Amino acid sequence: MQCCLIAGQVAFVGSGPGDPDLLTVKALKAIIGADVILFDRLVSQEILDLAGPETRMENVGKEGFGPQVSQDEICARLVEHAQAGLKVVRLKSGDPTIFGRLDEELTACDNAGINYQILPGITAASAAVAGIGQSLTQRGRNTSVRFVTGHDMKGFADHDWAALARKGEVAAIYMGKKSARFVQGRLIMHGADRATPITIVENASRADQRVLETTLNRLPQDLADAAFDGPALTLFGLAPRDGAAILNDLKMELA
């Protein structure tokens with residue numbers, strides 16, 4: 001399989017939600033042909049195993065509110081490897097353009113005069129909503145969908161809660177496990193219906209995918225009871241469709 005990489009260039013590659021069958025062909029070619037891969041914590045082992053035996057693998061993962069490799073160090077490594085004439089893959093989970101800290105790394109390449117390409121991947125929201133048999137938009141329900149993050153570099157992230165609290169709104173909340181109570185409080189404060197459906201999908205698309213169906217009112221408690229320890233995507237305003245093939249459904253009895 002011919003590689004799409006060029007020596008001295010960086011490819012920012014989206015690995016998708018974890019299922020290797022959901023990789024794009026370009027992403028697979030880049031992974032196979034890389035000299036060095038700098039990968040995120042949430043990239044699945046099945047995808048990492050696709051790299052060639054001579055490929056240098058560097059874990060530069062971050063964990064929210066936990067251990068992490070600094071962004072400055074990641075940028076420095078990208079520049080160093082590319083300037084050494086290596087085929088460099090920066091492998092990010094999901095799609096690199098969505099909450100992937102991509103801009104800092106693109107700027108580092110620009111400042112160093114390094115060419116790059118961006119290979120998009122399937123984002124977690126798309127995999128999660130497919131896993132519950134739903135769609136992110138629906139005529140007569142919502143004409144827009146928000147991709148929001150539960151926390152940012154300064155802590156819990158603030159958004160336009162009044163707009164999100166309106167009836168029929170849909171949002172995909174990334175990195176929302178630890179901020180569940182904060183999100184619940186902000187939405188209720190701005191008038192959201194406590195009965196609004198919420199679905200949390202852990203390890204979307206993977207063999208160990210789990211689905212929790214709950215409501216805004218019960219969100220923090222049900223999430224704590226589920227004890228998710230993998231990456232999870234919160235779908236605000238959506239419940240699983242009846243008949244969807246959901247793995248390991250953790251549907252909770254609602255009070």
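Here is a chat between a student and a tutor about a predicted model.

Student: Why is Ala 232 called buried?

Tutor: Its relative accessibility is 14%, and buried means under 20%. So Ala 232 counts as buried. You'll find Ala 232 in strand E12, where it is the bridge partner of Glu 202.

Student: What makes E10 largely enclosed by the rest of the structure?

Tutor: Count its residues: five of the six in E10 are buried, so the strand is largely enclosed.

Student: How do you know that E10 and E11 pair?

Tutor: Two strands need at least two bridges between them to pair. E10 and E11 have six bridges, in the antiparallel sense, so they pass that test. One spot to look at is Thr 199, which stands opposite Glu 213 in E11. E10 also runs antiparallel to E12, with five bridges joining them.

Student: What makes Glu 169 and Arg 146 a salt bridge?

Tutor: The cut-off is a Lys or Arg side-chain nitrogen within 4 Å of a carboxyl oxygen of Asp or Glu. Here the closest N and O atoms are 2.6 Å apart, so the pair fits the definition. The two residues are 23 apart along the chain, with Glu 169 in the loop between helix H6 and strand E9 and Arg 146 in strand E6.

Student: Why is Glu 169 called buried, but Arg 146 partly exposed?

Tutor: Buried means under 20%, and partly exposed lies between that and 50%. Glu 169 has 13% relative accessibility, so it is buried. Arg 146 has 24%, so it counts as partly exposed.

Student: How do you know that Glu 169 and Arg 166 meet in a salt bridge?

Tutor: Their N to O distance is 3.8 Å, and the limit is 4 Å, so this pair qualifies. Arg 166 is partly exposed, with a relative accessible area of 47%.

Student: And what makes Asp 158 and Arg 186 a salt bridge?

Tutor: Same check: N to O is 3.6 Å, and within 4 Å is what's required, so they count too. Arg 186 sits in helix H7, 28 residues from Asp 158 along the chain. A search of the whole structure finds twelve salt bridges.

Student: Why is Glu 46 called partly exposed?

Tutor: Its relative accessibility is 47%, while exposed would take over 50% and buried under 20%. So Glu 46 falls in between. Glu 46 is in helix H2, and with Asp 49, Asp 208 and Asp 229 it gathers in a patch of negative charge on the surface.

Definitions and conventions:
Residues are numbered from 1 along each chain as its sequence is written. This is a predicted model: local features need pLDDT of at least 70, side-chain atom pairs count only at pLDDT 80 or more; totals for chains, interfaces and linings use all residues. Side-chain values use heavy atoms; hydrogens and water are left out. Patches are made of residues with over 30% relative accessible area and no salt bridge: like charges are joined within 9 Å, nonpolar side chains (Val, Leu, Ile, Met, Phe, Trp, Tyr) within 5 Å. Accessible areas come from the Shrake-Rupley method with a 1.4 Å probe; for residues, only the protein chains shown count as cover. Lys and Arg count as positive and Asp and Glu as negative; His and the chain ends are not counted. The place of a charge is taken as NZ of Lys, CZ of Arg, CG of Asp or CD of Glu. Helices (H or I, at least four residues) and strands (E, at least two) are DSSP runs, numbered from the N terminus. Buried means under 20% relative accessible area, exposed over 50%, partly exposed in between (1.4 Å probe, protein chains only).
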